[in-house]
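Student: Hey, got a minute to go through this one with me? I'd like to just ask things as they come up.

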Amino acid sequence: MLLRDTVIKVDLDDIAYNMDLIRKMAGSAAVMPVIKANGYGHGAVPIAATLMKHGASYLAVATLTEALELREAWPDYPLFILGHTPDRLLPLAAENRIVSTIFSIEQGRILSDLACKTGRSVKAHLKVDTGFHRLGATDLRQMAAVCRLPGLDVEGIFSHLALAGSEENEKQYRQFCAVIQGLEKEGITFRYHHLADSISAVDDPKYRMDMIRPGALVFGLRGFHKGFLPVRQALTFETRISQIHRIRKGEGVGYDYLWTAPADTRIGTLPFGYADGYPRSMRGKGYVTIRGVKCPVVGVICMDQCMVDLAGVPEAREGDRAVIYGNGRNNTMSIAEAAELAGTNKNEIVSRLAARPPRVYIAGGSAHSIPSSVSAFRT
Ligand SMILES: *Cc1c(COP(=O)(O)O)cnc(C)c1O
């Protein structure tokens, strides 16, 4: 049973559809979907099965905690940590057959020592800094030394684009290729060479190399410029009206009465707030969609509730469905529009969705109705 009216619905058919498109686009390149930050708020564990079924070669996350959560659910699937794993935790990752990112000889030695001690080789991917200056090695001789450590299988080499324009992308790409060639000259080769996130994978086929790391794209969030892929937004965020108030012109609403009614109207109270991951900065900009009508959020957004002006929907009743984020059709606010209004990007909007709203997964149904096969994961 759903224990709240405020829910996040994830259409697994949309995720599957997006993955199929991504796989087709990738051609011979492997696809490693990025499902960090609880799968961009969609729920990493529940969506993983769909991704595996639709051709994910690997699943990538940002942290060891995220990887361990997936490992518990999926004992055998290849898992990769894109971010930094502190030295003291590298053995824990390896013991759980989680592949870490490394960029120093010290990290390589820790994994190599473990491999020699246990007699089982340990996989890692080597990260190269090509200009982003976030994580990555720069010294070719050190990189070669890491790759030659006994028991350590440096299966992949990768870098990340700053997306600072096509010229800068090109510079980073050439630098990355130069490192790969430099290592090849030393007789060092890799199974996977990867550079592309969602945007660069769609925009430039060259950056796909032999593996891509799409995150946003998997969830149907479009950020590309030159290329195009008709991915579908898989997430909707909905609630229901708790109470309706009739108020008079000039009456205030919410903390500090920061909004006052310009005319007699009806105010709807909705049971979602910034603790559910709705940006507080939406005050004066946000709206929800009730019976196909945009209803502006009025007054301050509270931690667990907010109020909307129902002036445009005289037929609205308590218990009516209100769409917070929809797919943009029928007057709903898409995640792209939410990002624009809140002054951020789409990834921040979804990744900051809180654990509190229950996730509802839809499979075998349309995005607009909830079939009986819906399963609700309480959080
Ligand atoms: C998050 C992340 C990605 C995925 O980014 P999107 O823009 O969501 O596709 C890819 N690579 C790295 C290293 C990342 O941190």
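Student: OK, for starters, what share of the residues in the chain is buried?
Tutor: Buried residues make up 53% of the 379 residues. Keep in mind as we go that this is a predicted model.

Student: Got it. How many helices and strands are there in the chain?
Tutor: The chain has 11 helices and 20 strands. Its C-alpha atoms fill a box of roughly 80 × 45 × 40 Å, taken along the principal axes.

Student: Let's pick a strand. Which way do the side chains of β19 point?
Tutor: In β19, which covers residues 359–362, Arg 359 and Tyr 361 point one way. Val 360 and Ile 362 point the other way.

Student: Why the switching back and forth?
Tutor: Because in a regular strand the side chains alternate between the two faces of the sheet.

Student: And are those four β19 residues buried or exposed?
Tutor: Arg 359, Val 360, Tyr 361 and Ile 362 are all buried.

Student: How many bridges join β1 to β19?
Tutor: Four bridges, and the two strands run parallel. For instance, Asp 11 has Ile 362 in β19 as its bridge partner.

Student: Switching to rings. How many aromatic pairs are there?
Tutor: The count comes to 10 aromatic pairs. One pair to look at is Phe 272 with Tyr 278: the ring centres are 4.9 Å apart and the planes sit at 85°, so the pair is edge-to-face.

Student: Why does 85° make it edge-to-face?
Tutor: Because planes over 60 degrees apart count as edge-to-face.

Student: Are Phe 272 and Tyr 278 buried or exposed?
Tutor: Phe 272 is buried, with a relative accessible area of 0%, and Tyr 278 is buried too, at 1%.

Student: Which residues form an aromatic cluster?
Tutor: Tyr 58, Phe 80, Phe 158 and Tyr 192 form one.

Student: What sits over the ring of Tyr 17?
Tutor: The charged end of Arg 232, 3.6 Å from the ring's centre. Likewise, the charged end of Arg 134 sits over the ring of Phe 132, 4.5 Å from its centre.

Student: Now the ligand. How many residues surround it?
Tutor: 13 residues surround the ligand, and the closest are Lys 36, Tyr 40, Ser 198, Gly 215 and Ala 216.

Student: How far is a polar side-chain atom of Tyr 40 from an oxygen atom of the ligand?
Tutor: That distance is 2.5 Å. The side chain of Ser 198 also has an N or O atom 2.5 Å from a ligand oxygen, while for Asn 347 the distance is 3.3 Å.

Student: How much of the ligand does the protein bury?
Tutor: Taken alone, the ligand exposes 390 Å², and the protein buries 90% of that.

Definitions and conventions: Residues numbered from 1 in each chain as written. Predicted model: local features only at pLDDT ≥ 70, side-chain atom pairs only at ≥ 80, totals over all residues. Heavy atoms only, no water. Buried < 20%, exposed > 50% of the residue type's maximum accessible area, 1.4 Å probe, protein only. Pairing = 2+ DSSP bridges. Phe/Tyr/Trp six-rings, centres within 6.5 Å; stacked < 30°, edge-to-face > 60°. Lys NZ or Arg CZ within 6 Å of the ring centre and 35° of its normal. Near = heavy atom within 4 Å. Polar contact = N/O pair within 3.5 Å; in protein donor to acceptor, adjacent residues only side chain to side chain. Areas by Shrake-Rupley, 256 points an atom, 1.4 Å probe, with all protein chains shown as cover.
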